[in-house]
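User: I am new to this structure and should be grateful for a close look at one part of it. Please also set that part beside its wider surroundings.

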Amino acid sequence: MLSAQGDPITAIATAPGRGAVGIVRVSGRGLQPFVQALLARELKAREATYLPLPDAQGQPIDHGLALWFPGPHSYTGEDVLELQGHGGPVVLQLLLARCLAVAQSLNAAGQPLLPGLRLARPGEFTERAFLNDKLDLAQAEAVADLIDASTEAAARSASRSLAGVFSERIHSLRDALIHLRMLVEATLDFPEEDIDFLQKADAMGQLQRLRSALTDVQGQARQGALLRDGLKVVIAGQPNAGKSSLLNALAGAELAIVTPIAGTTRDVVQQTIQIEGVPLHVIDTAGLRDSPDVDEVEKMGIQRAWSQIERADAVLFLHDLTRCESPEYQAADAAIAAHLNAALPLGVTVLQVWNKLDQCPAGAGAALVERLQAGELALSAKNGDGLEALRQRLLTLAGWQHAGDGLFMARERHLQALQRVGAHLDSAQALLVEGAEHLDLLAEELRLAQHALGEITGEFTADDLLGEIFSRFCIGK
């Protein structure tokens with residue numbers, strides 16, 4: 001639900017806990033009398049002032065900085081006051097309570113100084129920046145993405161989106177689309193000349209160039225979404241294949257207990273790693289087996305393993321080279337493979353990986369060569385042989401294309417909107433080829449394509465979607 005724009009809001013704008021500096025932020029319209037009463041002095045615009053931050057008796061709660069940003073030249077587009085003090089939770093709560101109390105104190109006319117001041121909801125400061133045209137929606141989302149970035153590459157990409165790089169690409173597509181719409185809709189008033197007019201204006205060429213530019217933006221957006229969301233990789237296989245050892249090797253830390261006892265891993269162990277800036281959420285699971293020796297706790301672990309596998313973006317099916325010639329082991333692997341085929345959604349890749357290369361029996365050499373030629377991988381989680389090849393294969397599975405420094409951050413909703421734009425442009429091209437009798441439908445497809453583009457930057461966005469987006473922000477933003 002969108003905020004009531006008339007209500008002034010306040011919040012602690014720094015993370016919970018103790019720190020060197022803490023910030024209390026107030027945003028609203030007509031804050032100047034409130035600021036005067038709160039600090040017992042006037043402040044110069046956009047200039048940090050060191051002063052005592054007083055309580056109701058005039059005694060300092062803290063000494064710190066006050067910054068005054070008269071609207072519309074502020075983050076939210078409204079008047080904004082920031083109080084920067086020492087970052088203790090008690091101090092910040094006292095400052096916040098003081099702001100709320102001063103807001104209810106009466107002026108000379110017997111009216112509250114700042115009626116309606118309330119605690120901000122998550123994301124409400126940035127929501128107001130969007131609603132007051134300080135940021136478009138893609139830039140506003142980039143604020144949260146910058147805060148949540150798990151890798152340096154993700155942070156840099158989010159910063160570029162916040163600076164407007166992604167929005168500029170969307171606006172460029174929109175402008176080209178508007179120009180094409182103008183041509184098509186102008187011909188609707190002159191049906192006897194419509195096709196000749198569009199041909200002379202190179203409408204088909206414009207449409208094809210638009211589709212080509214859209215393809216470029218989609219490619220970069222997919223890379224940006226990958227930097228933001230990462231890839232969920234589940235390690236699956238029989239007990240003692242080395243799943244926990246592989247997780248430890250990829251993470252560079254002893255996260256999972258490793259023993260030669262079957263069924264050691266009873267629960268899911270997850271670690272996020274990064275490869276060339278791409279976050280990969282690697283999940284170790286219980287060994288998959290169907291045996292009378294399995295107790296109730298291990299059964300629960302196996303059920304959780306299959307639950308993780310079914311939600312994976314990619315599965316590493318880990319095999320044990322030291323048992324590869326055992327008929328029993330082969331049969332169990334075949335049963336797991338059949339279950340994987342049935343359980344995984346279409347398009348989820350299963351990467352065949354052979355572990356314990358350092359212990360590979362002599363008789364398995366020829367079969368191993370065939371597996372490697374078929375695109376399977378061999379490694380040793382113990383000594384690290386083959387790990388780099390696995391990392392590069394995981395990047396390939398993720399779709400990473402080393403897009404360079406021009407990458408911007410994107411979200412799944414952006415990808416879906418761009419996909420809808422592409423579908424409408426495909427329909428528009430088919431209608432343009434068919435001729436004059438479908439020009440009204442052509443105009444409608446171009447309008448729908450523009451509407452889908454506008455959803456990305458917030459030009460055409462439902463209120464419930466805005467509420468969902470901003471509710472995921474932290475309170476102080």
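Is the crossing of H1 and H2 left-handed or right-handed?

Analyst: The model is a predicted one, and in it H1 and H2 cross in a right-handed manner. Helix H1 covers residues 32–39 and helix H2 covers residues 89–104. Their axes lie 10 Å apart, and the packing angle is about 120°. Because angles over 145 degrees are needed for a roughly antiparallel pair and 65 to 115 for a roughly perpendicular one, H1 counts as oblique to H2. On the H1 side, the residues that meet H2 are Phe34, Ala37 and Leu38; on the H2 side, they are Arg98, Cys99, Val102 and Ala103. Sorted by class, this contact has six nonpolar residues, one charged residue and no polar ones.

A second helix pair may be set beside this one. Helix H6 (residues 165–187) packs with helix H15 (residues 439–457) at an angle of about 160°, their axes being 9 Å apart. H6 and H15 are therefore roughly antiparallel to each other, and H6 passes H15 in a left-handed crossing. The contact of H6 with H15 has 14 nonpolar, five polar and four charged residues.

The surroundings also include a sheet. It is open and has six strands, in the order S8-S9-S7-S10-S11-S12, with mixed pairing. S8 and strand S12 (377–378) stand at its edges; each has a single partner strand, so one side of each has no neighbour in the sheet. Strand S7 (residues 231–237) and strand S10 (residues 314–320) run parallel and are joined by five bridges. Within this pair, Ala236 is found opposite Phe317 in S10.

Helices pack on this sheet as well. Helix H10 (residues 296–310) touches S7, strand S9 (278–284) and S10, and its direction makes about 140° with that of S7. Helix H11 (residues 327–343) lies across S7, S10 and strand S11 (349–355), and runs at about 175° to S10.

At the sheet's edge, one residue may serve as an example. Gln274 belongs to strand S8, which spans residues 269–275. With a relative accessibility of 46%, Gln274 counts as partly exposed, because that class lies between the 20% limit for buried and the 50% limit for exposed. Leaving aside residues up to four places away in sequence, Gln274 touches Ser150, Thr151 and Pro279. The C-alpha atom of Gln274 is 9.7 Å from that of Leu227, a residue 47 places away along the chain.

Terms used
Residues numbered from 1 in each chain as written. Predicted model: local features only at pLDDT ≥ 70, side-chain atom pairs only at ≥ 80, totals over all residues. Heavy atoms only, no water. Helix = DSSP H or I, 4+ residues; strand = E, 2+ residues; numbered from the N terminus. Buried < 20%, exposed > 50% of the residue type's maximum accessible area, 1.4 Å probe, protein only. Contact = heavy atoms within 4.5 Å. Axes fitted to C-alpha atoms, helices over the stretch in contact; angles between N-to-C directions. Parallel < 35°, antiparallel > 145°, perpendicular 65-115°, else oblique. Left-handed = near helix turned anticlockwise from the far one by under 90°. Nonpolar A, V, L, I, M, F, W, Y, C, P; charged D, E, K, R; others polar. Pairing = 2+ DSSP bridges.
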